[in-house]
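Good morning, colleagues. Please take a moment with the sequence and the structure before I begin.

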Amino acid sequence: MKPTIALMFVLLLSAISLFSQQIPEGYLLQYQQNFNGPKVLADFKTENADKWGIFKNGPNFYLECAAADSAGVLPANIAVLGNRVFGDFIMEADIMAGLDTAGNGDVGLFLGMRYPSKYYVIQISNIDDSLHNGIFLLRNDRFGKLEGNAAKTISWDKNKWHKIRLERNIISRTIRVFVDNMTTPYLLTKDYNLIMGSVGFGSFSGMARFDNIKIWAPTMLTEEELREME
């Protein structure tokens, strides 16, 4: 019995150590959502409310974005986490995409959102070109892929969830995205255009699902607090 207890204690310490390596000191859990509550959609702001809903598969609830009416360069559907503004942050979530009529699938993550015409777009896609699968900057309605992205794609298997981790560091100006493999970035770039803003979720042309969202950050501001600082 005693050796078993000792082994469990060692494993517990190892798990705590691993977690502390993943979340830097000083970062606090600022938001968490598994979509089991009846009013969780109220946390998000979207212009296309009819495209969003909470669905259930077995015991699991999740947020789903319906497919867009047509494929386009700019993201079609975005749900912005309301009244929460972040600078440095780490976000983890589970994501799933459905394929459109062309066989393409994508999931969109958004950050630095303060103005409708200026924010960062992260598109995780099964095709890679100048308009897909990368970290983009939308500025004054111009949509451009930033340099430094890794050239790889994801395989969207039916009904398979993927774990993502998004890290934003203001001092180094880096944006790092991990998909399933939390050691090697799936996407990585450095950009100096935007600093603080809200985060969002969505898609360009296909169905997208989101679950188990967690956001850690040293601080979190409300939109009113940010306006008072300007």
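**Salt bridges, cores and a pocket**

I begin with a salt bridge between Arg165 and Glu92, whose closest N and O atoms lie 2.6 Å apart. This, like everything I shall describe, comes from a predicted model. Arg165 belongs to strand β11 (residues 162–169) and Glu92 to strand β6 (residues 89–97), so the pair ties together parts that are 73 residues apart in sequence.

Are these two partners buried or exposed? The cut-off for buried is under 20% relative accessible area. Arg165 has 5% relative accessibility and therefore counts as buried. Glu92, at 16%, also counts as buried.

The pair does not stand alone: salt bridges that share partners join Glu92, Arg165, Glu167 and Arg176 into one network. In the structure as a whole there are seven salt bridges.

Let me turn to another of them, in which the side chains of Arg209 and Glu64 meet at 2.8 Å, N to O. Because Arg209 sits in strand β15 (residues 208–217) and Glu64 in strand β4 (residues 60–65), this pair ties together parts that are 145 residues apart in sequence. Both Arg209 and Glu64 are buried.

A further salt bridge joins the side chains of Asp128 and Lys145, at 3.5 Å from N to O. Asp128 lies in the loop between β8 (118–125) and β9 (134–139), while Lys145 lies in strand β10 (residues 142–145), and the two are 17 residues apart. Here the partners are partly exposed: Asp128 has a relative accessible area of 36%, and Lys145 has 28% relative accessibility.

I move now to the nonpolar cores. In soluble globular proteins, nonpolar side chains tend to be buried together. The largest nonpolar core here has 41 residues, and the members that touch the most others are Phe89, Ile122, Ile124, Phe210 and Ile215. Leaving aside residues up to four places away in sequence, Ile122 touches ten that I can name: Val107, Gly108, Leu109, Leu111, Gly134, Ile135, Leu166, Ile175, Val177 and Leu187. There is also a second, separate core of ten residues, including Ile78, Phe110, Met113 and Leu138.

Finally, which residues lie nearest the centre of the largest pocket? They are Val80, Met113, Tyr115, Pro116 and Tyr119, among the 24 residues of its lining. Strands β5 (77–81) and β7 (106–115), together with helix α2 (223–229), each give two or more residues to that lining. By type, the lining divides into twelve nonpolar, five polar and seven charged residues. The space in this pocket comes to about 620 Å³.

Technical notes
Residues numbered from 1 in each chain as written. Predicted model: local features only at pLDDT ≥ 70, side-chain atom pairs only at ≥ 80, totals over all residues. Heavy atoms only, no water. Core = buried A, V, L, I, M, F, W, Y, C linked by side-chain atoms within 4.5 Å. Buried < 20%, exposed > 50% of the residue type's maximum accessible area, 1.4 Å probe, protein only. Contact = heavy atoms within 4.5 Å. 1 Å grid on protein atoms, 1.4 Å probe; cavity = no way out; pocket = protein on both sides within 12 Å on 5 of 7 lines; lining within 4 Å. Points joined across faces, edges and corners; volume = space filled by probe spheres on them. Helix = DSSP H or I, 4+ residues; strand = E, 2+ residues; numbered from the N terminus. Nonpolar A, V, L, I, M, F, W, Y, C, P; charged D, E, K, R; others polar. Salt bridge = Lys/Arg side-chain N within 4 Å of Asp/Glu carboxyl O.
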